[in-house]
Amino acid sequence: MITLLAASPILAIISGSFAQHVISLATALMMAMATRGPEAQIASAAQLLKQFLIIFLLPVVWMTLQIFPMSSLANPIWSATSIALNQPSLQGSISVDTGATLQSLFLYLVNVSLLVSTVIITRDRRMAETILFVLSAVTTLMSVEFLLGRLDLFAGIIPQSGAAKNLFPAAAALAILTNGALVARALERHLHQQNIHNLASPQLWVGVFCGLLGIAVAFAALAALEQHTLVAVTGCGLMVLVFIAAVRRLGFRFWPSALLFLVLAAIASAMVVPHSLSGGLGLVGFVSLPPEAVAPARHLLSDAPTWGNGLGTFRLTSRAYQEFGAALADPPSTAVLMAVEAGRLPSALLAAFAAQFFLVSFRGAVRRGRDSFFAATAAAGVVVVLCESFLDSSLSNPTIQAIVAMMVGVGLAQSVGRTSGANHSAPSAHRNTSFILN
C-alpha cells in the first residue's frame, strides 16, 4: 500500500493504461496480503463493510446489463450513426463499446478491492496513522510537482493537458484535507495529554506547522490552476473537520449533529447552486469552461438515454457530435461523464451512496475519541469529491481514484474503535472515558 502511494506522483504523470496496470497489480498483492491477516481483523472489517454490500454490487449489475445484448434498450441514435462511426454493431447492446465497458467493470472491481483491503489493513491504528502520513506527503508532493512544472527550469515535466482532464486539482484538494487531518491529529494528541496547558510541546508545533505548510502548498497549486470554485469547495471540506471537532467538544450526539450539519449544508447549497448554474442549465452549468469546449458534451448529454451509452464510451460517442477530423473530446466533468455513460438514474444513486459513506464516516467521527480525525477526514473527503465531480473530470483518473479509495478506506476502518461500538448509548461520562481509551 505504501509503495503504491509512493508511486502515485509518477503514475500521475504517466497516467494511461500503464498506471492502471500498476494499480491493478498492487491491489491484487494487497488483497492477497490482507486476506492472510488475523481472523479477528478480517471479521471486524467484514462487519464494517457489509452495510455497503448493495453499493458495491449495483454498479456491477448495471455494467453487466449494459454489456448484455439488449438491442431494445439501446440508444436509437446509434442505428443512424453507426455507419458514420464505422461501428456497424453499435446497436447490439446498451453499450456502444462492450470492450470498453468490460474494462471499466474490471477497473471498478480493482477500486473496490483496494478499498476493502485498505479497511482490513488499517484496522490497526498505527498502520492507519502511517497511511495518513503517506497520503498527506504524496498529495502534497503532487501539488509541489505541479508548481515546479510551471517553472521554466522544469518545463515539460508536467504535461500541459488543460483544465478539463487535469488530475492535479483533485490531488491538491485531497492534500488540503489530509494535511488538515494532521493538524487535527496534533491538537487531539495534545488535548489528551495530562498537561494540556503546556503549549511548548514540540510534537504539537511540529505537527501543526507541517500540516499548515502542506495546506499552504496545496492552496497555492489550486490558485495556480485557477480553480476558484474548488478552493471554496475544499474550504467547505475543512469546515467539515472543524464542525465535527466542535460538536464533539460540545458533547453532541450523532443525530443532532447530523441534522445540524444537513441544515447548514442545505443553506449553503441554496446560496451557491443558483450562482454556479448562471452560465447554463444542467450538469454542464457547473463547469467553468468556454461554451465551445462543452458544446459536444452538452449535446451528448441531452441525447443520453436512461440506460446510458456504456461505461468507458464517452470518447467514442462524442465523435458523432464533432466535426470530421477533430480531436476526441474529453468530458468536462466527472458528473457529465457518468450521466452520459451510465445514465442519470445511476448518477443519482451514486450521489445517494456517497451520502451513506458520509453518514457512516460522520457518525464514526462524532462517536470516536482522540482518533476521530480519521473518520472526519473521510467524511470531508466524500463531500469534496462529490462536489468536485461537478466541476472537472480529474476524478476519472485512476491514480486519483486509488488515492480516494484508500482515504475513504482508512476513515471507514477507524470509524469504530477496536473495542468500541457497544457502548454508544451509555451516559456521557462513560462515553468520555471510552473515547480516551479508543
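In the predicted model, the side chain of Gln41 reaches the backbone oxygen of Ile121 at 3.5 Å. Gln41 is part of helix α4, which spans residues 39-49. With a relative accessible area of 15%, Gln41 falls under the 20% limit and is therefore classed as buried. When neighbours within four places in sequence are set aside, the residues in contact with Gln41 are Ile120, Ile121, Arg123 and Asp124. Ile121 thus appears both among these contacts and as the residue whose backbone oxygen is reached by the Gln41 side chain.

A contrasting environment is found for Glu226, which lies in the loop between α10 (202-224) and α11 (228-250). The relative accessible area of Glu226 is 60%, and because this value is over 50%, the residue counts as exposed. The backbone of Glu226 has a phi near 60°, a positive value in a residue other than glycine. Most residues other than glycine have a negative phi.

Helix α11, which follows this loop, packs against helix α16 (residues 344-367), the two axes coming within 9 Å and crossing at roughly 45°. This angle lies neither under 35 degrees nor within 65 to 115, so α11 is oblique to α16. The crossing of α11 past α16 is right-handed. On the α11 side, the contact is formed by Val240, Phe243, Ile244, Val247 and Arg248, while α16 contributes Phe358, Phe362, Ala365 and Val366. Classified by residue type, this contact of α11 with α16 comprises 8 nonpolar residues, no polar residues and 1 charged residue.

Technical notes: Residues numbered from 1 in each chain as written. Predicted model: local features only at pLDDT ≥ 70, side-chain atom pairs only at ≥ 80, totals over all residues. Heavy atoms only, no water. Helix = DSSP H or I, 4+ residues; strand = E, 2+ residues; numbered from the N terminus. Buried < 20%, exposed > 50% of the residue type's maximum accessible area, 1.4 Å probe, protein only. Polar contact = N/O pair within 3.5 Å; in protein donor to acceptor, adjacent residues only side chain to side chain. Contact = heavy atoms within 4.5 Å. Axes fitted to C-alpha atoms, helices over the stretch in contact; angles between N-to-C directions. Parallel < 35°, antiparallel > 145°, perpendicular 65-115°, else oblique. Left-handed = near helix turned anticlockwise from the far one by under 90°. Nonpolar A, V, L, I, M, F, W, Y, C, P; charged D, E, K, R; others polar.
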